[in-house]
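Here is a short set of exercises to work through with the model open beside you. Try each task before you read its solution.

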Amino acid sequence: MILTFNIETTITVKEYLDKKLTSKLLRNTYLQFIVGNQSVKNYYLMHKGDVLKVIIPPSKSDVIACKGKLDILYEDDYLLIINKPNDIATIPTRRHYKSSLANIVQYYYITKGINAGIHFVNRLDAPTSGIVVVAKNIYIADIMKTSIQEKKYLLKVWGTLLEDGSV
């Protein structure tokens, strides 16, 4: 992914990007900065009229691919939105090293020839079903995690509630 910015004032690459990208993304050592036609470091001083290009390489995942079924609600070049069933962990753990949603997504990417990362925008506990959003690159994940999101949950209760309340 390539981000392009038109520079309006004299400023270093780092100072400019501190206002445009999150610190987590800026710590990514694989980012490449291009001003004009030359690769520059983050301390390069840009001037009005310069064009800054930030190259964000495709993410790689070290998750073990395991076959499984995905209920895909939406997919494009940037996002994969899945209806996660209950009783499956979202990410690999010691108990779910090869049986998580991430393992199944990795298998899906490999079988479809998708060169992308697995960046969960949200996660659900293993016993919980619901919609999970997977960003295919770190920039999209960063944008979505820092944007305003409203989450709604539906809780099913069996039996009789003795009084009103909230969770």
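**Exercise 1. The start of helix 4**

Which residue caps the N-terminal end of helix 4, and which backbone nitrogen does its side-chain oxygen lie 2.9 Å from?

*Solution.* A word on the source comes before the steps. This is a predicted model, in which local features need pLDDT of at least 70 and side-chain atom pairs count only at pLDDT 80 or more, while totals for chains, interfaces and linings use all residues. Residues are numbered from 1 along each chain as its sequence is written, and side-chain values use heavy atoms, with hydrogens and water left out.

Step 1. Helices (H or I, at least four residues) and strands (E, at least two) are DSSP runs, numbered from the N terminus; helix 4 covers 138-146.

Step 2. The cap is Asn 137, with a side-chain oxygen 2.9 Å from the backbone nitrogen of Tyr 139. This is a polar contact (a pair of N or O atoms within 3.5 Å; within protein, one must be able to donate a hydrogen and the other to accept it, and residues adjacent in sequence count only if both atoms are side-chain atoms).

Step 3. Now look along the helix for buried residues (under 20% relative accessible area; exposed is over 50% and partly exposed in between, with a 1.4 Å probe and protein chains only). Ile 138, Tyr 139, Ile 140, Ala 141 and Asp 142 are buried in helix 4.

Step 4. Their cover includes strand 1, helix 2 (23-26), strand 8, strand 9 (119-120) and strand 10.

**Exercise 2. The nonpolar cores**

Find the largest nonpolar core: how many residues does it have, and which have the most contacts inside it?

*Solution.* Step 1. A nonpolar core is a set of buried Ala, Val, Leu, Ile, Met, Phe, Trp, Tyr and Cys residues joined through side-chain atoms within 4.5 Å. The largest has 26 residues, and Leu 17, Leu 52 and Val 54 have the most contacts inside it.

Step 2. Elements that give two or more residues to this core include strand 1 (2-6), helix 1 (13-18), strand 6 (51-55) and strand 10 (130-135). Helix 4 gives the most, with 4 residues.

Step 3. Take Leu 52 and list its contacts (heavy atoms within 4.5 Å). Beyond its neighbours within four places in sequence, Leu 52 is in contact with several residues, among them Leu 3, Phe 5, Val 13, Leu 17, Phe 33 and Met 46.

Step 4. A second, separate core has 17 residues, including Val 63, Leu 80, Ile 82 and Phe 120.

**Exercise 3. Two asparagines**

Are Asn 103 and Asn 122 buried or exposed, and what do their side chains reach?

*Solution.* Step 1. Asn 103 is found in helix 3, and at 0% relative accessibility it counts as buried.

Step 2. A polar atom of the Asn 103 side chain lies 2.7 Å from the backbone oxygen of Ile 64. Asn 103 is also in contact with residues including Val 63, Cys 66, Pro 92 and Tyr 97.

Step 3. Asn 122 sits in the loop between strand 9 and strand 10. Its relative accessible area is 15%, so Asn 122 is buried.

Step 4. The side chain of Asn 122 reaches the backbone oxygen of Ile 131 at 3.0 Å, and one of its polar atoms lies 2.7 Å from the backbone nitrogen of Val 133.

**Exercise 4. Loop residues**

Which loops hold Glu 8 and Asp 87?

*Solution.* Step 1. Glu 8 is in the loop between strand 1 and strand 2 (11-12); with a relative accessible area of 56%, Glu 8 is exposed.

Step 2. The C-alpha atoms of Glu 8 and His 47 are separated by 7.2 Å, although these residues are 39 residues apart along the chain.

Step 3. Asp 87 is in the loop between strand 8 and helix 3 (101-112), and at 64% relative accessibility Asp 87 counts as exposed. Asp 87 has a positive phi of about 65° although it is not a glycine.
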